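Okay, thanks for making room for me today. I'd like to walk you through one model, starting with the aromatic rings and then moving out to the sheet.

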Amino acid sequence: MGWLYQKYRPKTFDEMLGQETAVKQLKTMVSQKTVAHAVLMTGPSGCGKTTAARILAVEAGAHPTLGVTEINCALTNGVDAVREIESKSHLKPLGSTAKVFILDEFHAVTGAAQRGLLKLLEDTPAHLYFILCTTNPEKLEKPVVTRCVNIKFDNMPVAVLKRLVEKVIAEEGLDPSKLPESALIAQAADGSARKALVILEQLITTDRPSEWHGILETVSQDSDFFPMVRDMYAGKFVLSQWGPKLKDLPESEVESLRMCILSYGCSILCSGRISNQDRVVEIMDAFKDPFFSSKKPGFVLQLVKVAEYNYYSPNQRR
């Protein structure tokens, strides 16, 4: 599983979809030969951070095999790892004009290890670059953040994911009539191109429409807030239980949670087995638009409105 995602991974900035602002920043650095030696890429899972990091590494002059070292910080995240990086950082790689360390899931690095990396981030040799990728920038030490150029990635719009799915279906020679509508796949992908292609790959493996809703529903359950989403659609008053956790919800995860709400509602409608279609439609309509301007306050306001819909009769609502 995963061949579609790997096959259609962008190899240049021009091939990247739905990240216009981030890509413009990166292309400007490359064209002006001002690639920062410490770059921090933030954004939700599956939005293209690691892909962009690999492209930037090559554009900075690193050979994709000889000059690039990727480290999964979820597995390697202590002071010893930083010491190993430091021991290798001053050695110029053979066959490559630059040496790039891509530190993925950087939020998993311990505080002591982050502080141990500060000197390298500040005084990097001319041939050395660091690209830090994280879904949780709030867990980073502030001195690390201030030493990096921050490139922010966002969830990909549903319209962009829909075009991506349709493109892959066409290029793979698949029959669209034997798959759910591309818009449904895009909605279920939670703003992630990777997840959209993983879903598509799962759908290809079955020709039974009865299994579609299970595949579309499963992908939304990896959110920590999925139980809240499920309870909300079940008509429960969720704010009393989930209010404290929502208070700590990072702004960067608001769009992911919004997409989780939409994708689960989509799977309910696709199942055809619903007792209250009006409530499902009401909830999905409340979260159909992004909260790029109002951010978390706007998101919580919609939750309150949905709670009123669930808790009060039509005559009691404001």
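So, this is a predicted model, and please keep that in mind throughout. Counting ring pairs, we get 4 aromatic pairs. The one I want to show you is phenylalanine 101 with phenylalanine 130: these two are stacked, with 5.6 Å from centre to centre and 15° between the planes. Phenylalanine 101 sits in strand 3, residues 99-104, while phenylalanine 130 sits in strand 4, residues 128-134, so this pair ties together parts that are 29 residues apart in sequence.

Are those two rings buried or exposed? Phenylalanine 101 is buried, at 2% relative accessibility. Phenylalanine 130 is buried as well, at 0%.

Elsewhere in the chain, Phe287, Phe291 and Phe299 are linked by ring pairs into a cluster.

Back to phenylalanine 101, and on to the strands. Its bridge partner is threonine 69. That takes us to strand 2, residues 68-72, which runs parallel to strand 3 and is joined to it by 5 bridges. How do you get from one of these strands to the other? Through helix 4, residues 79-89: strand 2, helix 4 and strand 3 make up a β-α-β unit, and it's right-handed.

Now the whole sheet. In which order do the strands come? It's 2-3-4-1-5, an open sheet of 5 strands with parallel pairing. At the edges you find strand 2 and strand 5, the latter being 149-152; each has a single partner strand, so one side of each is left without a neighbour in the sheet. From one strand to the next, the twist averages 20°.

At the strand 5 end, the partner is strand 1, residues 38-42, and those two pair in the parallel sense over 4 bridges. If you want a residue to look for there, methionine 41 stands opposite isoleucine 151 in strand 5.

Two helices to point out on this sheet. Helix 3, residues 49-59, packs on it and touches strand 1, strand 2, strand 3 and strand 4. The direction of helix 3 makes about 170° with that of strand 4. Helix 4, the one from the β-α-β unit, also packs on the sheet, touching strand 2, strand 3 and strand 4. For helix 4 the angle is about 165°, taken against the direction of strand 3.

Next, cysteines, since somebody always asks. How many disulfides are there? The structure holds 0. Why doesn't cysteine 47 have a bond? Its closest cysteine sulfur is in cysteine 133, and at 9.1 Å that's too far for a bond. Cysteine 148 also has cysteine 133 as its closest, with 11 Å between the sulfurs, again too far. As for burial, cysteine 47 is buried at 3% relative accessibility, and cysteine 148 is buried with a relative accessible area of 11%.

Last stop, a proline. Where is proline 227? In helix 11, which covers residues 226-233. Proline 227 is partly exposed, with a relative accessible area of 28%. From its C-alpha to that of valine 238 is 9.6 Å in space, and the two are 11 residues apart in sequence.

If you take one picture away, make it the open parallel sheet in the order 2-3-4-1-5, with phenylalanine 101 and phenylalanine 130 stacked between strand 3 and strand 4 as a tie. Okay, that's my tour. Over to you.

Technical notes
Residues are numbered from 1 along each chain as its sequence is written. This is a predicted model: local features need pLDDT of at least 70, side-chain atom pairs count only at pLDDT 80 or more; totals for chains, interfaces and linings use all residues. Side-chain values use heavy atoms; hydrogens and water are left out. Rings of Phe, Tyr and Trp (its six-membered ring) pair if their centres lie within 6.5 Å; planes under 30 degrees apart count as stacked, over 60 as edge-to-face and the rest as tilted. Buried means under 20% relative accessible area, exposed over 50%, partly exposed in between (1.4 Å probe, protein chains only). A disulfide is a pair of cysteine sulfur atoms within 2.5 Å. Two strands pair if DSSP finds at least two bridges between them. A crossover is right-handed if, with the strands pointing away from the viewer, the path from the first strand over the helix to the second runs clockwise. Axes are lines fitted to C-alpha atoms, for helices over the stretch in contact, and angles run from 0 to 180 degrees between N-to-C directions. Contact means heavy atoms within 4.5 Å.
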